[in-house]
Amino acid sequence: MEQKRFINLLHRQLTDQLDQQDEVRLKDWMEDDSANEDLASRIAEAWKASESYAPDFDPSVEQGLSRLKGRIAAAKEADKKAPTLTVRSRSLFLRIAVAATLAFGLFGLWQYTSQSSGEVWQVAQTNAQKGDAKLLSDGTVVSINSNTKLEFPEEFKNTERRVRLDGEAFFDVARDTEHPFIIEMEGATVKVLGT
């Protein structure tokens, strides 16, 4: 027996409209599976709980519409009382919004050009007592002096090999004429094809 028919039979039972033959079918179906019996029990509980509701409830559409119109009028009145921006303050706000958008855009462009997406950058930093040497992914060897910071990608993926240097270092650049080696320093950029 399909569930829809079962629910129909259960409804007829709860409203005392079920004949003996259907009552036997309903009983067999509930005994056939414990899930069916559980469902019947939950429906019966809900039915009994609904008996406490007043049967003469008649919603008034007119009253509901009147309350809704009152709320809309109150909201419009509140909007009239709210302070408004003057033309001058709107202009200032617009200027600030444009400046902030431009600043974020330029920052994003700088981030994009300085470090292409997908590249993982590493940092090698030395202290005052000790230098260091690094072998980059393209075969370039960098001897880093003390008090120096070198930033470089884990793997060069662009048409150029770009690193950032703050301090002193010696570069033995691997030759690659198609991918120039670029060293960015404070106020200067050095482009090398290789040694």
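Biologist: Let's start with one side chain: what is the relative accessibility of Arg25?

Modeller: This is a predicted model, where local features need pLDDT of at least 70, side-chain atom pairs count only at pLDDT 80 or more, and totals for chains, interfaces and linings use all residues. Residues are numbered from 1 along each chain as its sequence is written, and side-chain values use heavy atoms, leaving out hydrogens and water. Buried means under 20% relative accessible area, exposed over 50%, and partly exposed in between (1.4 Å probe, protein chains only). Arg25 counts as partly exposed, because its relative accessibility is 30%.

Biologist: Which residue forms a salt bridge with Arg25?

Modeller: A salt bridge here is a side-chain nitrogen of Lys or Arg within 4 Å of a carboxyl oxygen of Asp or Glu. The closest N and O atoms of this pair are 3.0 Å apart. Both residues lie in helix 2, three residues apart, about one turn of the helix. The partner of Arg25 is Asp22.

Biologist: Which other side chain meets Asp22 in a salt bridge, at 2.7 Å, N to O?

Modeller: Asp22 is buried, with a relative accessible area of 9%. In the 2.7 Å pair, Asp22 meets Arg12. Arg12 sits in helix 1 and Asp22 in helix 2, so the salt bridge ties together parts 10 residues apart in sequence. At 23% relative accessibility, the partly exposed partner is Arg12.

Biologist: How far apart are the end C-alpha atoms of helix 2?

Modeller: Helices (H or I, at least four residues) and strands (E, at least two) are DSSP runs, numbered from the N terminus. The expected span of a helix is 1.5 Å times one less than its number of residues. Helix 2 has 13 residues (20-32), so the end C-alpha atoms should be, and are, apart by 18 Å.

Biologist: Within what arc do the buried residues of helix 2 fall?

Modeller: The buried residues are Asp22, Leu26 and Trp29. Seen down the axis, they line one face of the helix, because the directions from the axis to their C-beta atoms fall within an arc of 65 degrees.

Biologist: And which exposed residues are on the face of helix 2 turned away from its buried side?

Modeller: On the buried side, what covers the helix includes helix 1 (3-14) and helix 3 (34-49), where contact means heavy atoms within 4.5 Å. The face turned away carries Gln20, Gln21 and Glu31.

Biologist: Which residue in the loop between helix 1 and helix 2 is Asp or Asn, and where is its phi?

Modeller: Most residues other than glycine have a negative phi. The loop between helix 1 and helix 2 holds Asp16, which is exposed at a relative accessible area of 71%. Asp16 has a positive phi, near 55 degrees.

Biologist: What is the strand order of the open sheet of three strands?

Modeller: Two strands pair if DSSP finds at least two bridges between them. In this open sheet the pairing is antiparallel, and the order is 2-3-6. The edge strands, each pairing on one side only, are strand 2 (132-135) and strand 6 (169-172). Keeping the antiparallel pairing in mind, the order is 2-3-6.

Biologist: Which residue meets Arg162 in a salt bridge of 2.4 Å, N to O?

Modeller: The side chain of Arg162 meets that of Glu184. The pair links distant parts of the chain, strand 5 (residues 161-166) and strand 7 (residues 181-185), with the two positions 22 residues apart in numbering. Both belong to a network of salt bridges that also includes Lys149 and Glu151. The partner, partly exposed at 22% relative accessible area, is Glu184.
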